[in-house]
Amino acid sequence: LLLAALRTGVYAEHVQRLCTAYAAKCQATLDALEEFLGDYQPGRTHWTRPAGGLYVWLTLPEEIDTGRDGPLFSRAIQEGMLYVPGAFCFGPDPARTAPRNTIRLSYGVAGPADIREGIRRLATAVRAVAGA
C-alpha cells in the first residue's frame, strides 16, 4: 500500500496538503501572538517564527514563571487554555537550569479560529499574573 502511494504520487499530494494546512495554522498562531502580545513588554516577550514543525516557542519576561506550579499555568487553565511549560522541553543537564519563562505552543490540532482564541486567553492570563 505504501509503495503504491509513493509510486502514484498520492503520498506526495498528502504531504503537500499537510504542509499547506500547518503553514496556515502556524501563521494564525503568529498573527494572534502579534495581535494579543505584540505590545507586551517589547524586547522581553518574543517568539520563534518556525519554518516547519508544529510549535511556536514563546519567551516571556523572566519574572513570569510558566512552570506547571507557577501562577500563569493555573491562570491559563482558568481562562480555558492549556500550554506546555518550556521547562518540560529540556532534558536534565547539571550544567544548566531550564528557563522558567518559556512556553511551547502547539498549532497541530486546533483550527485557526481556535488558535486565535487560545492565544487571546493566554494573553489575558499573562497580563493578569503580571498585574498589567
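**Arg100 and its surroundings**

I began with the contacts of Arg100 in this predicted model, and, leaving aside neighbours within four places in sequence, I found Arg100 in contact with Ile64, Asp65, Thr66, Gly67 and Ala87. I then looked up where Arg100 sits, and it is found in the loop between E3 and E4. For one of those partners, Ala87, I noted the spacing: Arg100 and Ala87 are 13 residues apart in sequence, while their C-alpha atoms are 5.9 Å apart in space. I also checked the accessibility of Arg100, which counts as partly exposed because its relative value is 40%.

**The chain as a whole**

I stepped back to the protein chain and counted four helices and four strands, which follow one another along the sequence in the pattern α-α-β-β-α-β-β-α. The C-alpha trace spans about 55 × 40 × 25 Å along its principal axes, and 32% of the 132 residues count as buried. I asked myself what share of the contacts between residues at least 6 apart in sequence join residues at least 24 apart; I recorded 58%.

**The sheet**

Next I traced the strands, which form an open sheet of four in the order E1-E2-E4-E3, with antiparallel pairing. The edge strands are E1 (46–47) and E3 (84–85), each of which pairs on one side only. Between them in the order I looked at E2 and E4, whose antiparallel pairing runs over five bridges, and there I noted that Trp57 stands opposite Arg104 in E4. Helix H2 packs on the sheet, where it touches E1, E2 and E4, and its direction makes about 20 degrees with that of E2.

**Helix H2**

I followed H2 from end to end: it has 28 residues and reaches 40 Å from its first C-alpha to its last, close to the 40 Å expected at 1.5 Å a residue. Which residues of H2 are buried? I listed Lys25, Cys26, Ala28, Thr29, Leu30, Ala32, Leu33, Phe36 and Leu37. In reading such a list I kept in mind that an α-helix has 3.6 residues a turn, so residues three or four places apart point the same way. What covers the buried residues of H2 includes E1, E2, E4 and H4.

**The nonpolar core**

I turned to the largest nonpolar core, which has 27 residues, and in which Leu58, Tyr83 and Leu105 have the most contacts. At least two residues of this core come from each of H2 (10–37), E2 (55–59), H3 (71–78), E4 (102–106) and H4 (112–130), and H2 gives the most, with seven residues. I then looked up Leu58 on its own and, not counting residues up to four places away in sequence, found that it touches Leu33, Leu37, Thr45, His46, Trp47, Asn101, Thr102, Ile103, Leu105 and Leu122.

**The cysteines**

Last, I searched for disulfides and found zero in the structure. Why is Cys19 not bonded to Cys26? The sulfur of Cys26 is the closest cysteine sulfur to that of Cys19, but the two are 12 Å apart, so they are too far for a bond. I compared their settings as well: Cys19 counts as partly exposed because its relative accessibility is 44%, whereas Cys26 is buried, with a relative accessible area of 7%.

Definitions and conventions:
Residues numbered from 1 in each chain as written. Predicted model: local features only at pLDDT ≥ 70, side-chain atom pairs only at ≥ 80, totals over all residues. Heavy atoms only, no water. Core = buried A, V, L, I, M, F, W, Y, C linked by side-chain atoms within 4.5 Å. Buried < 20%, exposed > 50% of the residue type's maximum accessible area, 1.4 Å probe, protein only. Contact = heavy atoms within 4.5 Å. Pairing = 2+ DSSP bridges. Axes fitted to C-alpha atoms, helices over the stretch in contact; angles between N-to-C directions. Expected span 1.5 Å × (residues − 1). Disulfide = S-S within 2.5 Å.
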